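Me: I'd like to go through some of the labels on this model and check what each one rests on. Could you take me through the reasoning?

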Amino acid sequence: MASIETPAKALRVVLIGNPNVGKSTLFGRLAGARVHTSNFPGTTQEAHTTIIDGIELVDLPGVYSLGGDQSESAVCREALAGRVPGAAMGRPDAVCVVVDATNLPRNLRLVGEVIRLGLPVVIALNLVDEAEKHGLRIDTDALGRSLGCEVVATVASTGAGVDKIAGALRRARPPEPLPEDEPVRAWAERVSMGCTTSVGASSGPEMTDRIDDVITHPLLGAAVFVAVMTGLFWVVFKLAAWPMGWIDSAFVMLGDFVTGVMPPGAVRSLLVDGIIGGVGATLVFLPQICLMFFLITLLEQSGYLPRAALLVDRLFRPFGLPGQSFVPLLTSHACAIPGIIACRGIPDRRERLATILVAPFMSCTARIPVYVLLISILFADRPALAAVAFSGCYVLGAGAALTTSAIFRRTFLRGVPRPMVLELPSYRRPNLRSALLLTIDRGLGFLRKAGTVILGIMVVLWWTGTYPQSDPPPEVAAMRAQAADAGSPEQAAAIETEADLLEARYAKANSFMGMAGRAIEPVFRPLGFDWQLSVGVLSSFAAREVFVSTMAVVLATGEDELHSESGLRRLATATRDDGETRVFSRATSWSLLVFYVLAMLCMPTLAVTARETGSWRWSGVQFAYMTVLAYAGALIAYHAALIFGS
Amino acid sequence: MTAIETTCEPACEAVPLTQLGKGQRGRVQCCSLDGCCGELIDSLGLGEDTLISICRRGDPCIVRVHHRCGGSCRIGLRREIGRRIMVRPMEA
């Protein structure tokens, strides 16, 4: 997304507040879709920026305090001091503190810390409707007088009061300093007492307690958890299938169109096979990723996810992971990249690192085409066993992630874990608008990645798979001559297709990638892979699902045919160079399946790991560990299958 | 695996937070955990002299923090942390 231009004399404002106070919803209300997302320079904390009515607004991470060693607090301190390296923003002209009206004394502590910085302040007193439901009424005028700044009552979810914030920010002045001899906590209590009155009985907390009795119950809570997760995955896989089909068809049509209007040659090949085919293969997963983010945001806004994290904490603890790892690992089932980014919410550095390193073990959507292909070969006529094997892939991935974490947390990531202390916000109706805006933001981020990193990788793969170009073998010329003499147009077309596939296979075998496949074959031979499968594995480094289309080309089976029984049979019976041994023998298929569950075959994920950890060293650790484990697992699976004659 | 120091000296009547029954109230007497734990607990509102009640016992447990001016918030925490937060139980 293009960055937003800052007007010459824009008022520079930062938005700050405790977590779960509706700050992001308020920012979404103010910004609409005009959000520019980046990282605070030198950090992994996301910075959302927008320009509204001549005000440059930066959304800071949610924090309970400006003190402490958490990265969010450090980012807020630096931003408020105008010391964010590389940022042109400088010290802000004003600070908008979002305050939860249902939880005033604790929120005012952060306000006190901000006032002590001497910056102009405006308070957005959010959730005033919820406070009334809790039997609390806050006198905003009295609060404003006590604080020495303007207080705007808001309900971010409906937009009430939000339009008054910009005007208040323009009028903002630095409040009077806090009394030197009074601790911030005591000051916050005193100010809260002075402006809050009870108005009738509260029903909110009791209702939340009743729901919590079920949601956080060891058995009932686990049942609810399983039901919610099953529903989540069902929706993601079922609903996303339609738009995925549309995207796939659109890219096929685009490829056909370009093939039709451009003359054959390197440029057409680059466009059709490299760019349209490659980027299309990745973009097809956009609906699943967006849907997963949308549903996770709804769950988070409803207040369920912190409870789920609390429930899972007990399960994760023996493996050295905190409950907060749950959301990143869940998200990684859509794609490891957003999953790794979601690790920013884990406060402890070692626990965050452990989660980042194991997240790619979770079976992402890109693995599904490979699982489907191999399981179809292994259990062609046994759907029940195929379903068990498919679920087993997910279990193996999750098991490897937890075991790996336990090993890492007891070796080089050993350390005292941060205590699991979580605020459990009240249950709220999710805000669809806010969730939609966040999903659009994430979706655009994925599109940016597809348009840059993945596009670049696809071009490189296309080049290595296309060059050096070689003359087709004599058999191809003979087949084309046979097609010319064929009795019917259908027969001629069939022979031409055979000739095209054979030519593509020959070209791939003699390309740089083919040469690399032959060079690397000795490494993979113990796993039962020949040079053709080695090419498939090499091409998977761009994206795992590329394995299927690569094998279709290498084994001269049209990709479209893979979806038909005859195409699958043809692939299953394809032979190696000796003309006898099958490429996909049962033992090799088992070996490949285990390898694809465990291997790190995704360069964009490695790049994101490096960015999020601040070092390529961790990407190296992740790659080396997963590769060694995948190799060992595949070796065991191959020999076990040979011994037991599976 | 966790090493959290308790340095406060609780009064005779103070008990660990985990010993309170469901719905029982108490006032936090001390929660001298080590640096980052202490800061986190305090910034979440579980500081000294805070009125709390137990919403769920067990591991993890859920504690409600009651504000003097009205209103409250809920905190979920591991039992090992709760054991190090000393509270003076209050009559029901």
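Reply: Gladly! Two strands pair if DSSP finds at least two bridges between them. Keep in mind that this is a predicted model.

Me: What makes β10(A) and β5(B) a pair?

Reply: Strand β10(A) and strand β5 (residues 72-77) of chain B have 4 bridges. The definition asks for at least two, so the two strands count as paired. The sense of the pairing is antiparallel. As one detail of it, E423(A) has I75(B) in β5(B) as its bridge partner.

Me: Which way do the residues of β10(A) point, and are they buried or exposed?

Reply: In β10 (residues 421-424) of chain A, V421(A) and E423(A) point one way, while L422(A) and L424(A) point the other way. All of them are buried.

Me: Why is L127(A) called buried?

Reply: Its relative accessibility is 11%. Buried means under 20% relative accessible area, so L127(A) falls in that class. L127(A) also has a phi near 60°, a positive value in a residue other than glycine. The residue lies in the loop between β6 (121-126) and α4 (128-133) of chain A.

Me: And why is D49(B) called partly exposed?

Reply: D49(B) has a relative accessible area of 33%. Partly exposed is the range between the 20% limit for buried and the 50% limit for exposed, so D49(B) belongs there. Phi of D49(B) is positive too, near 70°, and D49(B) sits in the loop between α1 (35-43) and β3 of chain B.

Me: What makes R83(B) eligible for a patch on the surface?

Reply: One condition is over 30% relative accessible area. R83(B) has 46%, so R83(B) meets that condition. The same 46% makes R83(B) partly exposed. R83(B) is placed in the loop between α2 (79-82) and β6 (86-89) of chain B.

Me: Why is the patch called positive, and which residues gather in it?

Reply: The patch gathers R314(A), R57(B), R79(B) and R83(B). Arg counts as positive, so the patch is one of positive charge.

Me: Where are the cis peptide bonds that involve P468(A) and P60(B)?

Reply: One joins Y467(A) and P468(A), with omega about -5°. P468(A) lies in the loop between α18 (432-466) and α19 (474-484) of chain A. In chain B, a cis peptide bond joins D59(B) and P60(B), with omega about -5°. P60(B) is in the loop between β3 (51-56) and β4 (61-66) of chain B.

Terms used: Residues are numbered from 1 along each chain as its sequence is written. Chains are lettered from A and ligands numbered from 1 in the order in which they are written. This is a predicted model: local features need pLDDT of at least 70, side-chain atom pairs count only at pLDDT 80 or more; totals for chains, interfaces and linings use all residues. Side-chain values use heavy atoms; hydrogens and water are left out. Patches are made of residues with over 30% relative accessible area and no salt bridge: like charges are joined within 9 Å, nonpolar side chains (Val, Leu, Ile, Met, Phe, Trp, Tyr) within 5 Å. Accessible areas come from the Shrake-Rupley method with a 1.4 Å probe; for residues, only the protein chains shown count as cover. A salt bridge is a side-chain nitrogen of Lys or Arg within 4 Å of a carboxyl oxygen of Asp or Glu. The place of a charge is taken as NZ of Lys, CZ of Arg, CG of Asp or CD of Glu. Buried means under 20% relative accessible area, exposed over 50%, partly exposed in between (1.4 Å probe, protein chains only).
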